[in-house]
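Here are my notes for someone opening this entry for the first time. Please read them with the structure on screen.

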Amino acid sequence: MPSGATIPHDAHRICRDAADLGLTGPWSIQTARGFLIEPAFDLQERRGTEEFSSVARRWLSDPVVETLHLLPAGESPALQTSDPASASNGSPWIHVLLKPGVTDPQADNARALLATLGWPVNSVRGVRSYRIDGPADQRERLVSRVLVNDAVEMAIQGNLAAISRPSPAIRPANANAQPRRVEVPLRDLEDDALIEVSRRGQLALSLEEMKAIQTYFRDRGREPTEIELETLAQTWSEHCSHKTLKGRIEFEDQLITNLLRETVFRSTRELVGRHGLDWLVSVFADNSGVIQFDKEYGVSFKVETHNHPSAIDPYGGSNTGLGGVIRDALGTGRGAKPICNTSVFCVAPPNLPAEQLPPGTLHPRRVLRGVVAGVRDYGNRMGIPTVNGALVVDPRYVGNPLVFCGTVGLIPLNAVDKTARPGDLIVVLGGRTGRDGIHGATFSSLELTEESETVSGGAVQIGNPITQKTLADVLIQARDRALFRSVTDCGAGGFSSAIGEMGEQTGAVVDLETAPLKYQGLTPTEIWISEAQERMILAVPPEHWEALRELAAGEDVEATVLGRFTDDRTLTLRYQGEVVGQLGMEFLHGGRPDVLRRARHNRVAPQPLKPPLPGGSSGQGAPPIATYNADLLTILSHWDICSKEWIVRQYDHEVQARTIVKPLVGPQGHGPGDAAVILPRPDQPRGLAIGCGINNRVGDLDPYAMAGLAIDEAIRNVVAVGADPSRVALLDNFCWGNTNRPETLGSLVLAAQACHDFALAYQTPFISGKDSLNNEYRHGQTTLTIPPTLLISALGIVPDVQDCVTMDLKRSGNALWIVGQTGPHLAGSHWTLATGRTGGVIPEVEEAALNLRIFRAIHQAIASGLVRSCHDLNEGGLAVGLAEMALAGGLGLSAQLHLLPRDEAVEHDAVALFAETPGRFLLEVEPDREPELATLTRDLPAARIGQVLDEPLLSITGLHDPALAVVSLGLDQVRQAFLRDLDDDTL
Amino acid sequence: MSSPPVLILRAPGTNCDEETARAWELAGAAVEVHHVNRLLESPRLLDRFRVVTIPGGFSYGDDLGAGTILAARLTHALGDALTRFVEQGGLILGICNGFQVLVRTGLLPGPSTGVSATLTHNDVGHYVTRWVRLAVGPRPDSPWLTHLQDAILEIPSAHGEGKLVTTDPEGPQRLDQQRLVAFRYVDAQGQPTVAFPDNPNGSPRGIAGLIDPSGRVLGLMPHPERFILPYHHPLWTRRDPAGDHFPTPDGLRFFQAAVRAITSSPTT
């Protein structure tokens with residue numbers, strides 16, 4: 001029953017996506033949306049179609065902008081159209097439907113509404129229909145690559161009658177016909193056969209692990225069942241157990257027994273030992289780290305990756321990636337209320353020529369648009385502001401883009417503890433269980449290949465933010481009424497991980513047939529490991545069950561008892577009374593043999609800058625005027641640096657009315673703010689700053705230096721808006737290639753060691769983290785590996801948001817100061833990228849103690865009201881920092897390089913302008929406050945280097961000749977390069 | 001009546017209820033937030049309130065179109081109870097998704113106006129978050145607008161479907177003639193505009209909000225509840241440090257104006 005409605009935006013989007021694939025058309029596309037409805041009433045008996053038609057017209061279509069056609073199954077809307085032009089069009093309609101079993105909230109809502117309105121129906125399916133005119137030879141690819149997302153959708157040409165009934169692909173409701181307890185004989189297998197069992201079952205278990213399992217079951221005198229193997233595979237997966245980073249590593253001459261414990265965790269422990277840090281509440285223990293916010297509340301923070309799903313289905317991947325990390329907040333303590341999100345994307349250049357695309361990959365432009373839309377739709381719909389992020393563009397992300405999503409939560413300090421007790425009911429709250437997302441945890445532990453899309457389609461999950469919003473509404477109320485004792489989210493591994501983890505200290509018995517299903521026919525194993533979204537597991541004391549059930553029912557949320565926690569430290573899985581699996585918790589959580597991997601680092605010898613710096617400003621004759629204009633404009637328009645406005649404004653970054661410093665600042669909203677500030681408790685002046693640091697270019701040269709830079713940058717970002725550097729907590733996210741290669745693992749070891757060292761040096765604790773390994777893409781004989789990528793996220797307390805500053809210039813006549821020493825650090829910089837250079841001095845944190853003193857001085861200056869604007873210097877160095885402050889404020893400036901505090905090695909204008917030395921800030925100060933700032937920074941490298949102008953000019957004079965402008969640009973030119981006229985369309 | 005009782009109706013997917021409650025409370029109202037299921041179970045709940053507010057969000061996921069399902073449920077379960085509520089002096093406010101709900105129920109622009117309208121996709125084709133300037137329609141008779149006449153309000157907007165479209169191409173003009181345009185997007189010079197970005201969705205005549213002929217039912221796309229502290233404004237860090245104090249935030253002004261009108265006239 002498609003209702004003919006032209007949605008020009010839809011057709012436009014299709015043409016654009018087609019062009020990215022080289023399918024340039026020209027296309028003429030008609031679109032319609034509709035529903036396939038199987039009524040449970042007799043249309044004739046119910047006074048014919050007229051009355052139903054009017055109900056459908058009013059509520060299933062928008063009567064003002066759409067036209068409704070009510071058609072018997074099998075007829076296409078073209079036959080009914082009143083538009084003679086389209087009636088003469090000969091091409092058939094193509095209908096796109098979700099595959100059977102894929103969550104279809106629109107159809108579910110349509111069915112529920114029709115029932116409420118007195119028109120009960122047996123089934124409803126949503127359908128999008130298209131009629132396409134264009135080159136016949138491109139048409140099929142347009143359909144298969146653009147119209148249909150193969151992972152979850154299917155296309156039907158012409159007649160819809162065949163699929164108007166539930167598809168036979170959904171197994172019949174006769175569960176008794178299925179085997180329940182499936183044994184997998186293992187005890188007598190040789191090594192090769194054990195590996196084959198793992199491979200065939202997509203278990204991603206190694207030979208050592210399979211042998212440990214074999215021994216366990218030999219000792220028990222029986223074979224394992226399918227569900228037991230799956231439970232072990234989920235729990236022992238890289239995704240769930242982080243076995244590489246927690247395993248043994250031989251690195252050069254040392255044996256590391258547990259990398260994370262010896263680096264990131266250890267630094268936090270050492271900081272607590274040395275400095276107390278009584279504001280840490282829960283670190284590395286729960287779904288997020290928690291720090292104290294004030295006397296009554298804590299704040300939680302977690303950042304997750306969702307890389308492989310996003311490579312296959314960018315929209316669905318980032319959508320459920322954000323959904324998953326929001327559940328991490330909800331599953332922290334007894335529930336933290338999500339108050340803001342972050343999103344960082346690493347993709348290949350969006351303007352990559354279509355012919356350079358490796359087989360089986362999606363165009364980066366499509367990936368980027370998709371991941372932005374996925375975050376937008378989940379965050380906006382749940383009503384959580386997405387306030388901070390970054391975009392990193394590098395050709396090596398083409399097969400394996402990275403998607404990082406983070407969530408900050410607010411939690412009463414007395415709700416941080418959680419313990420399930422024997423006798424508590426195991427309750428699932430939220431969405432239903434389906435076949436979606438089977439094997440996500442094990443899939444993400446393998447590398448991507450050309451076939452991933454087809455083999456692992458089932459691993460893609462489908463999100464429904466509204467289900468999660470209602471789940472969150474109920475959870476927070478239930479928390480405040482103390483109706484449960486513990487909660488965790490169902491993420492990778494589904495029930496198996498959630499219940500397995502919660503019951504680790506107790507034991508659990510689960511009756512799998514009690515799980516509410518989206519449709520019948522799931523095997524017990526599928527129920528157990530399904531990664532269907534929007535579900536949480538609660539431990540509910542029996543006496544509170546009735547109250548919880550009522551609360552949930554009152555908000556249309558499903559709550560179901562699946563079993564109970566026991567005291568036998570055994571996981572018992574039953575299906576209709578029969579035990580289908582039984583594992584000791586000790587074996588499940590402690591039985592995995594330690595992984596031993598080798599790591600090595602081939603230190604790259606320092607290379608001189610090639611080609612060397614252009615002659616001129618170090619004495620060999622005067623350079624031409626404004627010699628660096630072009631370089632600066634090129635850098636400003638690089639994807640990493642240019643305006644992200646087209647992304648930021650698609651996110652509702654203001655919902656909840658907490659956003660005090662927005663992601664975009666300045667009178668035109670063009671300024672890229674260093675960090676966002678939110679107000680967790682609207683009646684209190686205390687705020688939170690959220691920022692991040694990432695630098696993959698230096699990672700290629702020196703992973704240790706990269707980690708230092710990312711940490712320095714993340715802290716610098718939050719300090720620049722007003723956070724107190726003694727109240728900053730960090731998160732790590734390591735995304736690396738295949739760590740079976742010793743050199744890949746070696747670079748990770750160095751980065752982790754740097755995390756330890758710099759966390760200590762800055763006295764800034766890590767509170768949580770996550771790693772994602774095997775980020776590679778294989779096609780034919782070629783393997784594409786991502787550059788080692790470390791994202792550091794920072795959460796800083798702002799004592800009083802009224803003191804916050806932004807980076808846009810405020811008033812002409814004000815002084816411009818720089819705090820921090822400029823070094824000769826050009827290696828991996830944007831200037832070398834823009835000018836095609838290699839080599840040079842690698843930027844690194846040379847003196848963290850000095851940088852920490854700078855951070856504290858900046859904070860004191862901001863808190864004392866000395867600073868009108870503040871910007872941290874980062875990608876592109878001083879020149880880009882100055883340009884951004886000017887374009888953000890709509891005011892010009894003049895700056896003099898010869899006044900710059902700098903190392904002796906900084907002798908060249910290009911170095912002074914573009915070096916990416918960490919630990920530096922630009923400040924705008926009212927002239928009458930300069931003496932105070934001078935006093936505050938008297939022991940630090942700091943100087944006045946310029947002033948704010950009324951004229952829309954960016955003017956920077958040289959190191960050696962203060963009369964010579966090395967950059968001289970109109971603000972318009974600067975703005976044009978930075979804005980690039982980017983939006984969702986022109987991207 | 002010093003604190004007018006305000007009902008905030010939340011539904012599955014509503015996500016602006018908390019800040020809307022805070023805004024009303026700061027303005028002096030006595031707020032209760034109820035799930036729409038409670039109202040559908042007992043429509044008499046309405047009797048206790050002077051104002052019903054339907055806040056922003058994505059009610060029922062907007063799955064059948066923005067605001068459609070909540071509108072259908074209210075229409076089906078309450079019949080004309082909402083209309084009676086208004087006839088007896090009650091006020092209704094719909095913000096963003098709430099505005100979409102009021103339009104889909106037909107309460108806006110109102111059955112007597114002869115104009116049927118909808119709120120559809122922004123011209124730019126996607127969701128847009130940005131601050132806008134709103135001019136207030138000439139309706140001193142409306143309790144919502146009487147204390148805002150001549151004001152220009154700066155408040156944020158955030159939506160994907162905010163463009164007003166009417167069945168009749170003359171619809172927007174007729175809405176204007178009947179003085180049913182409560183708010184319109186204006187440019188820096190205060191002139192109504194259809195141009196992006198001052199008008200984020202391309203709505204004709206800059207229409208950002210509608211009011212019904214009685215003046216008691218108001219809907220608008222932008223979010224006044226998101227500007228109730230000076231620090232919500234995107235440019236607050238540009239204030240002169242010499243210390244001029246902040247004016248009352250425009251969003252709070254909106255709620256205060258309503259409370260003032262309601263309390264000064266017990267049976268508006």
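1. Start in chain B, where B:Gly94 stands opposite B:Gly219 of strand β11(B). This is a predicted model. The glycine pair belongs to a longer match: strand β4 of chain B, residues 91-95, and β11(B) pair in the parallel sense over four bridges.

2. Now look at the other neighbour of β11(B). Strand β10 of chain B covers residues 207-211 and is joined to β11(B) by three bridges, running antiparallel. Here B:Ile211 stands opposite B:Leu218. The two strands form a hairpin with five residues between them. Within the hairpin, B:Gly215 takes a positive phi near 80°.

3. Which way do the residues of β11(B) point? B:Val217 and B:Gly219 point one way, and B:Leu218 and B:Leu220 the other. That fits a general pattern: in a regular strand, side chains alternate between the two faces of the sheet. Both sets are buried in this case.

4. Stay in chain B for B:Ser157, which is found in strand β7. Is this residue buried or exposed? B:Ser157 is buried, because its relative accessible area is 0%, and the cut-off for buried is under 20%. Its contacts, leaving out residues up to four places away in sequence, include B:Val128, B:Thr129, B:Arg130, B:Trp131 and B:Val132. B:Pro200, B:Pro222 and B:His223 also touch B:Ser157.

5. Next, the contact between the chains. Chain B brings 60 residues and chain A brings 65. The area buried between them is about 5000 Å², and carbon and sulfur atoms give 52% of that. Three residues, B:Leu64, B:Thr129 and B:Arg238, supply 14% of the area that chain B buries against chain A, more than any other three residues.

6. B:Arg238 deserves a second look. This arginine forms a salt bridge with A:Asp808, and the closest N and O atoms are 2.5 Å apart. How many salt bridges cross the interface of chain B and chain A? The rule finds six. Polar contacts between chain B and chain A come to 35 residue pairs, with both residues at pLDDT 80 or more.

7. Which elements of chain B touch chain A? Those giving two or more residues are the helices α1 (17-26), α2 (36-41), α3 (68-78) and α5 (97-105), together with the strands β5 (117-120), β6 (128-136), β7 (152-159) and β8 (163-166). Helix α3(B) gives the most, with seven residues.

8. Turn to chain A. Seven strands form an open sheet of mixed pairing, in the order β34-β36-β33-β37-β35-β38-β39. Why do β34 (869-872) and β39 (965-970) each have one side without a neighbour in the sheet? These two strands stand at the edges, each with a single partner strand, so one side of each is left without a neighbour. From one strand to the next, the twist averages 20°.

9. Inside this sheet, β35 (residues 892-896) and β38 (residues 953-957) of chain A run parallel and are joined by four bridges. One partner pair to find is A:Leu893 with A:Leu954, the latter in β38(A).

10. Finally, two helices of chain A. Helix α26, residues 703-721, packs on the sheet and touches β34 and β36 (921-925). The direction of α26(A) makes about 175° with that of β34(A). Helix α23, residues 629-636, lies across β38 and β39 and runs at about 55° to β39(A).

Conventions: Residues numbered from 1 in each chain as written. Chains lettered and ligands numbered in written order. Predicted model: local features only at pLDDT ≥ 70, side-chain atom pairs only at ≥ 80, totals over all residues. Heavy atoms only, no water. Pairing = 2+ DSSP bridges. Axes fitted to C-alpha atoms, helices over the stretch in contact; angles between N-to-C directions. Contact = heavy atoms within 4.5 Å. Buried < 20%, exposed > 50% of the residue type's maximum accessible area, 1.4 Å probe, protein only. Buried area = accessible area lost by both parts, 1.4 Å probe. Salt bridge = Lys/Arg side-chain N within 4 Å of Asp/Glu carboxyl O. Polar contact = N/O pair within 3.5 Å; in protein donor to acceptor, adjacent residues only side chain to side chain.
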